[in-house]
Amino acid sequence: MGVKVKILEVRDLVTGYTDLNILHGISIHIKSGEIVSIIGPNGSGKSTLMKTIFGLLRPRGGAIVFKDHDITGVKPDAVVRLGMSYVPQEKEFFPSLTILENLEMGAFIRDDDISDSLERIYAIFPALKEKRQIRAGSLSGGEQRMVGIGRALMLSPDLLLLDEPSAGLAPVMRNMVFEKIAEINRAGTSILIVEQNARRSLGISDRGYVLETGRNRFEGRGQELLENEDVLRLYLGG
Amino acid sequence: MQLVINGLVIGSIIAITAIGLSMIYKTLNFVNFAHGDFVAFAAYIALFANASLGMHLASAFLVAILATIVLGIFMEKVVWHPMRRKNASRTTLIIISIGLALVLRNTLIFIWGGSTRNYNIPVRRGFEFFGATIAPNQVLVIISAFILVFALHCLLSRTKIGKSIRALSDNIDLARISGIDVDRVILWTWVIGLGLAAAGGVLYGLVTAIRPDMGWYLLLPMFAAVILGGIGNPYGTIAGGIVIGLSQELSTAILPTEYKFAVSFVVMTLVLLLKPEGIFGGAK
Ligand SMILES: Nc1ncnc2c1ncn2[C@@H]1O[C@H](COP(=O)(O)OP(=O)(O)OP(=O)(O)O)[C@@H](O)[C@H]1O
Ligand SMILES: [Mg+2]
C-alpha cells in the first residue's frame, strides 16, 4: 500500500438529527488503497458518520473532501457519480426485487451495457449468479449481504463504505464476508468499514479509528489498536 | 353465476384503481384519500369528451387518462414534492389529501351537478351465459382490465423505470443511495398509479351511473384490496381487488344490498387482525 494520496478526508465534522449534535467534530481520512475501520460502542455515531459522508444527512460544520472534490452537503446521487458507494447497516437490499434487479439498480445511473459489471460481481459471489432470478427477500442472511455489497460494487467505486457488514451473520458467513472485503480491496477499491466485530475488522485493516460519543478517541494502525490496552479494555472485551 | 360475473367486473375495477393507491402508500408512506376522487374525475372527463364533445368513447378514454395524469403531475409538483421537501409529517399529508378529495368532488358537483349521468353510447343487449346475463360493457371492462394488468406487468418487470418504481416502494433510502433519481421515479409512480385509476374510473362509468361521489365510495373497497394484497404489492392488490369485488357481490345473496360496502370493511378488519402484512404480501 505504497500510495499516499488521500481519497477521502473528513475534517471536524459536526452533525445531528435533531437540535442535538451527535457528531462533535470528527476527523478521519482514508488513503487510496487502504482499508480503514471505525469502531466504537453502540450509539457512538459510526452510522451517523457514514450517512453524513454519503450526503444522507446534512453536516452542520466541518468539511468532507473526496478525490479533490468538496462533497460537504452534496446529495447521494452526486456522490455516487463521483465514485463512492455505500452499503447501509440495515435494509441493504431491495427485498421484492430479484438478485439481478438489485444489481441493476446499483448501476441505475449507467445507460450502457452492464453485463461486464454483472460478470465481475458474479465472479466475486458465484452464489448470486445461480440465483439471479430469485427475489432477494427470500434469500438467507449471508446471501442478502452479498446482494447488498454486490449492488454497491456495480459502478466499480473507488471507495466503498460498509456499515457493519458482518452483523447478524453466522461465523462461517462472517469469515466469508471479511475474506471478500479483503479481495475487493486487493482489486483496487479503498474501503471504510464500521464494525462491531472489531478484532476481525482491525485484523484486515491498514488503520483504524475509535469513536466515543461522536468524538475521535483513538487512532492508529490496525495492529497497534488491537494491542492498545485501553482499546482492548473498552471495546474488545479485554 | 350472475353475482360471480358482477363480482368479477367490479373486482377488476377495484383492482386496477387500487394499484396506484397501494404504490403511493408504500412509496410515500401516506394514504391518498383523494385517490377515489381522481377515479371520479376521470369518469367525468370521459363523460365530457364523449357526451358533450361527441368523441368516441375510446378517444374519450384516452383523453380522460391524459387529463388525470396531468392533474396528478401538477399536484405532485405544487403540493406533494414541496411538502416532502419540508419533511411534512404523514398526518399532514393525509389531511391535505382529504382536503384535495373534497375540492375535487365539489368541483365535479359545481360543474356537472350532483345528479347521475351516463355516457352517450348505444345500449346493446346482453347475452346469456350459463343462466346469467352478461352486458357487453361488462365484457369490455374485464378485457380492458386484463390488458392493463398485462401492460403493467411488462412495465414493472421489464423496463428500467418499472424496476426502479418497485425499488422505490421497497426501500426508498437504498434507492437514493444507489443514485436513483428518486423525484423522477416518484413522478412516474404517480403517472402510472393515476393513469390506472383513471382507466378504472372510465370503465366504472360503463357499469354504473356516473356520480360525483362514485370514487369516494370506491375508496373503502380499494383500501381493503390494498390491505388484503399487502401494501405496495401490485400483484397482491390485483388479487385483493378481485376478492373484494366477488365478496361484495356474493354477499348480496344472503345480505341486503345496502351491506355490500360493509363487506370490504369486514374483510379488511379481519386481515388486519389476523395477517397484517396481507394475504398475498407475506413473502417479504
Ligand atoms: N434517525 C435518527 N433520528 C434521531 N436520532 C438518531 C437517528 N439515528 C441515530 N440517532 C441517534 O444518534 C446516535 C448515534 O447513532 P448511530 O446510529 O450513528 O450510532 P452507531 O455508532 O452506528 O451505533 P450502532 O453500533 O448501534 O450501529 C444515537 O444516540 C442514536 O440514538
Ligand atoms: Mg450503526
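## A walk through chains B and A

Start by selecting helix 8 of chain B, residues 182-207: at 1.5 Å a residue, its 26 residues should span 38 Å, and the end C-alpha atoms are indeed 38 Å apart, which agrees. Keep in mind as you go that this is a predicted model. Now show the surroundings of helix 8 of chain B: 22 of its 26 residues are buried, so the helix is largely enclosed by the rest of the structure.

**Helix 11 of chain B**

Move on to residues 260-274 of chain B. The 15 residues of helix 11 of chain B should span 21 Å at 1.5 Å a residue, and the end C-alpha atoms lie 22 Å apart, which agrees. Show the side chains of B:Lys260, B:Val263, B:Ser264, B:Val267, B:Met268 and B:Val271, which are buried. Turn the view to look down the axis of helix 11 of chain B: its buried residues fall within an arc of 125°, so they line one face of the helix. The general rule behind such a pattern is that an α-helix has 3.6 residues a turn, so residues three or four places apart point the same way. Add helix 9 (219-229) and helix 10 (234-251) of chain B, and you have the elements against which these buried residues pack.

While helix 9 of chain B is on screen, pick B:Pro221, which is part of it. With a relative accessibility of 0%, B:Pro221 counts as buried. Beyond residues up to four places away in sequence, B:Pro221 touches B:Ile14, B:Ile244, B:Gln248, B:Phe261 and B:Ser264. For a sense of distance, select B:Leu156 too: its C-alpha atom is 24 Å from that of B:Pro221, and the two are 65 residues apart along the chain.

**The open sheet of chain A**

Switch to chain A and colour its six-stranded open sheet, whose order is 6-7-8-3-9-10 with mixed pairing. Its edges are strand 6 (84-87) and strand 10 (215-221) of chain A, each pairing on one side only. From one strand to the next, the twist averages 15°. Helix 6 of chain A (residues 141-153) packs on this sheet, touching strands 6 and 7 of chain A, and its direction makes about 165° with that of strand 6 of chain A. Inside the sheet, strand 7 (residues 159-163) and strand 8 (residues 190-194) of chain A pair in the parallel sense over five bridges. To find one of the bridges, pick A:Leu161, whose partner in strand 8 of chain A is A:Leu192.

**The magnesium ion**

Next, centre on ligand 2. Which protein atoms are donors of the magnesium ion? They are OG of A:Ser47 and OE1 of A:Gln89, lying 1.9 to 2.1 Å from it. A:Ser47 sits in helix 1 (residues 46-53) of chain A and A:Gln89 in the loop between strand 6 and helix 3 (99-106) of chain A, so the pair ties together parts 42 residues apart in sequence. A:Ser47 counts as buried, at 17% relative accessibility, whereas A:Gln89 is partly exposed at 33%.

**Strands 1, 4 and 5 of chain A**

Finish with strand 1 of chain A, residues 6-15, which contains A:Thr15. A:Thr15 is buried, with a relative accessible area of 0%. Its contacts more than four places away in sequence include A:Thr48, A:Leu57 and A:Arg60. Strand 1 of chain A pairs with strand 4 of chain A (residues 61-66) in the antiparallel sense over five bridges, and A:Arg11 stands opposite A:Ala63. Follow strand 4 of chain A into its hairpin with strand 5 of chain A, where two residues lie between the strands and A:Lys67 takes a positive phi near 45°.

Note on methods. Residues numbered from 1 in each chain as written. Chains lettered and ligands numbered in written order. Predicted model: local features only at pLDDT ≥ 70, side-chain atom pairs only at ≥ 80, totals over all residues. Heavy atoms only, no water. Pairing = 2+ DSSP bridges. Helix = DSSP H or I, 4+ residues; strand = E, 2+ residues; numbered from the N terminus. Axes fitted to C-alpha atoms, helices over the stretch in contact; angles between N-to-C directions. Contact = heavy atoms within 4.5 Å. Expected span 1.5 Å × (residues − 1). Buried < 20%, exposed > 50% of the residue type's maximum accessible area, 1.4 Å probe, protein only. Arc of directions from axis to C-beta. Donors = N, O, S within 2.8 Å, 3.2 Å for Na, K, Ca; no water.
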